[in-house]
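Q: I have a structure open in front of me and would like to learn how to read it. Could we go through it together, starting with charged side chains?

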2 protein chains.
Amino acid sequence: MSRPTVRKLAPYVPGKTIEEVQRVLGLERIIKLASNENPLGSSPKAMAALRHIDRLHLYLDDAYPELRERLAAPYGLHASNVVLGHGSNELVNIACETLLEAGDEAVMATPSFSLYKLAAVLQGAAVIEVPLREGVHDLDAMLEAVTERTKLLFICDPNNPTGTALPPDAWRSFLARVPERVTVLVDQAYREYMGAGTFEAADIVRERQNTIVLRTMSKVYGLASLRFGYGFADVELAGWLNRVRLPFNISRPAALGAAGALDDEEFVAMSLASNLAGKAFMYKQIETLGLQAYPTEANFYAVSVPVSATRAYEDLLARGIIVRSGDALGMPGRLRITIGSPEENAALADALEQLLPAWKAAA
Amino acid sequence: MSRPTVRKLAPYVPGKTIEEVQRVLGLERIIKLASNENPLGSSPKAMAALRHIDRLHLYLDDAYPELRERLAAPYGLHASNVVLGHGSNELVNIACETLLEAGDEAVMATPSFSLYKLAAVLQGAAVIEVPLREGVHDLDAMLEAVTERTKLLFICDPNNPTGTALPPDAWRSFLARVPERVTVLVDQAYREYMGAGTFEAADIVRERQNTIVLRTMSKVYGLASLRFGYGFADVELAGWLNRVRLPFNISRPAALGAAGALDDEEFVAMSLASNLAGKAFMYKQIETLGLQAYPTEANFYAVSVPVSATRAYEDLLARGIIVRSGDALGMPGRLRITIGSPEENAALADALEQLLPAWKAAA
């Protein structure tokens, strides 16, 4: 009752929810640092816009003209360069539906965001996974993996689950060498957390036809369960993505909230400041504890542990702290941990300090 | 920059929006009877639930256990029989992704809901379209169209765009004859509008493994732009559909609103009463005007016009009334018109009466 390709799909495993852990462990206070959610909550301007939800009985204009124009303008792009998605993960799927079929190949880094592989395999394409180097995309090796059959090359920047970003020089050299016929999909779900002076991937869209750049409002705008993502591509490619996109894939609440959030520079600034402070605190703790984390440009980090990631994950879970085990993310020996509020970060640092002697003894 | 199959896709053409027609025609008062929206608005209990939107920064539990259990219970089914969708149209797409690949065939009626063909073609499948008889699915001919390659058979009941429903006897005979290996997808977006004593398609799921029944909250609950649909299937098939489904495909607003709407029997009853009254009024007008409409079990009807559907559509549009031209829906010589509020129906009836002499003269 499913086609052969579907039977090969590994299920997507999300981070545990707070309710689930409360139920199973009987703990009252749970700290969730597993899904890279914004510890400050949601953009107040998005929430204010959502207080005026109405006309839910009417379909939206499926062209979403104003919203697309507003998203495009800061990059010198136009509405016709924009495709909207139910989160950027829907756009990953739409890109694969548009570009890949049986016999095609897609190149991605490993570990990277697991949905790329799921969406490409669903299309019957072969996925070539190129190991990271020190937690960073190995662009040279990825270019070497490109064959005549390669249709799509995924770059996750900053990379999930390592948090690392590509240096601007690496970008330029890569773009000069990747064949024009290969679509480069740059997933920037964590773009806003990157430092100033970062290479602006959205600019590539004006210069290189065969590029898709994805963004989301799930993270820095704190709208994970509102579901709104967007992508930039040149007009022709954006046109195909919009053709494949299901009609009405943007709900009215998502459109309303997204329009509100776009005005909320203050909340973005606060979120970035909170993230920077949390990062500085945690990286100091990590150093003090003698652990190692890849340099992150996101709102999470991948930290080494001296036991198996699963053991470390379970010990933290027993203390009411949910993180992600690297064993489930192709990153053995590491945990992926969200940068939380000061209280959450301090509780995590305490737990790590308390657990570390037993972990070292077990190692 | 897209795979060959995608280049064959016809774009989905939604009904015109009120704003679009206001802008183009410069008319202030627009009556939209084009998208089968609920003239009473949205379920007040859904709207009340949506006043409490919070925690949008947190992802939902992607298993949606309570909501699935509640949807399943009235039919003696369980959460494991349920798959949730961003509208039932996403579930049509998920079903095609799960079941179809190049070389497969899907059988559907024509005219029927256009998305079936789009979603099946996107999978590389061939679509066999079997003409309706008097606006009703020709189940005998559809069964004859089934070959060794047939994986999926679509039944739209009530059928969009004709509004007709299958008689219970036809259902029973059909189910006895359709091969077990063929998945039957019953799309019941307009289920709630059907009369009492209707054959309960959801019951088939308990008896026939290879069946999917789709529902939506877009219509009778008035939540078209909230985007919430759901499907029933046996546990194994529902498992595959859930495997293919993108994680987090249900937004928190949609989950909240859907849970609220499920309690709103009063709004459903009012919507059904309004629809019945509007239907009685319009069918009387249609008879008086000497036109013909298929018997409808939905909140719209397919009415004949004595000129081309496009001409009739444009003449109504010029008077600020948006309907759907049958020429765009595979139903030449007819219009698809939503049953609106009493004022909207009366305005439409007036317009038809005024336009009819010129249409007859032109015929």
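A: Happily! Please keep in mind that this is a predicted model. Let us begin with one pair: B:Arg206 and B:Asp203 form a salt bridge, with their closest N and O atoms 3.5 Å apart.

Q: Are B:Arg206 and B:Asp203 buried or exposed, or partly exposed?
A: A residue is called buried under 20% relative accessible area and exposed over 50%, with partly exposed in between. B:Arg206 has a relative accessible area of 45%, so it is partly exposed. B:Asp203 is partly exposed too, at 26% relative accessibility.

Q: Which salt bridge does B:Glu200 make, and where do the two partners lie?
A: B:Glu200 meets B:Arg215 through their side chains, at 2.8 Å from N to O. This pair links distant parts of the chain: B:Glu200 is in the loop between β6 (183-187) and α9 (204-207) of chain B, while B:Arg215 belongs to strand β7 (residues 211-216) of chain B, 15 residues apart. Look at the accessibility as well: B:Glu200 is buried, with a relative accessible area of 16%, and B:Arg215 is buried, at 2%.

Q: Why does the pair of A:Asp263 and A:Arg70 tie together parts of chain A?
A: Start with the contact itself: the side chains of A:Asp263 and A:Arg70 form a salt bridge of 2.9 Å, N to O. A:Asp263 sits in the loop between α11 and α12 (265-288) of chain A, and A:Arg70 in helix α4 (residues 65-72) of chain A, so the pair joins parts that are 193 residues apart in sequence. Both ends are partly exposed, A:Asp263 with a relative accessible area of 44% and A:Arg70 with 35%.

Q: How many salt bridges are there over all chains, and how many between chain A and chain B?
A: A search of the whole structure gives 28 over all chains. Between chain A and chain B the count is four. One salt bridge across the two chains joins the side chains of B:Glu101 and A:Arg3, at 3.4 Å from N to O. There is also a network of salt bridges that links A:Glu19, B:Asp54 and B:Arg55.

Q: What else can I read about where the chains touch, such as polar contacts?
A: Chain A and chain B have 39 residue pairs in polar contact, both residues at pLDDT 80 or more. Several helices of chain A give two or more residues to the side that touches chain B, among them α1 (4-7), α3 (44-50) and α5 (88-99). α5(A) gives the most, with six residues. By class, that side of chain A has 30 nonpolar, 20 polar and 17 charged residues.

Q: How is the size of an interface given?
A: It is often given as the accessible area lost when the parts come together. Here chain A and chain B bury about 5,800 Å² between them, with 61% of it on carbon and sulfur atoms. In terms of contacts, 67 residues of chain A touch 67 residues of chain B.

Q: How are two copies of a chain related?
A: In general, by a rotation about an axis and a shift along it. In this model, a rotation of 180° with 0.0 Å of shift along its axis superposes chain A on chain B, with an RMSD of 0.0 Å. The two copies are thus related as by a two-fold rotation axis. Moreover, 100% of the interface residues of chain A are also interface residues in chain B, so the copies meet through the same surface.

Notes:
Residues are numbered from 1 along each chain as its sequence is written. Chains are lettered from A and ligands numbered from 1 in the order in which they are written. This is a predicted model: local features need pLDDT of at least 70, side-chain atom pairs count only at pLDDT 80 or more; totals for chains, interfaces and linings use all residues. Side-chain values use heavy atoms; hydrogens and water are left out. Copies are superposed by least squares on the C-alpha atoms of residues with pLDDT of at least 70 in both. Contact means heavy atoms within 4.5 Å. Buried area is the accessible area (1.4 Å probe) that two parts lose on being put together, summed over both. A polar contact is a pair of N or O atoms within 3.5 Å; within protein, one must be able to donate a hydrogen and the other to accept it, and residues adjacent in sequence count only if both atoms are side-chain atoms. Helices (H or I, at least four residues) and strands (E, at least two) are DSSP runs, numbered from the N terminus. Ala, Val, Leu, Ile, Met, Phe, Trp, Tyr, Cys and Pro count as nonpolar, Asp, Glu, Lys and Arg as charged, and the others, Gly among them, as polar. Buried means under 20% relative accessible area, exposed over 50%, partly exposed in between (1.4 Å probe, protein chains only).
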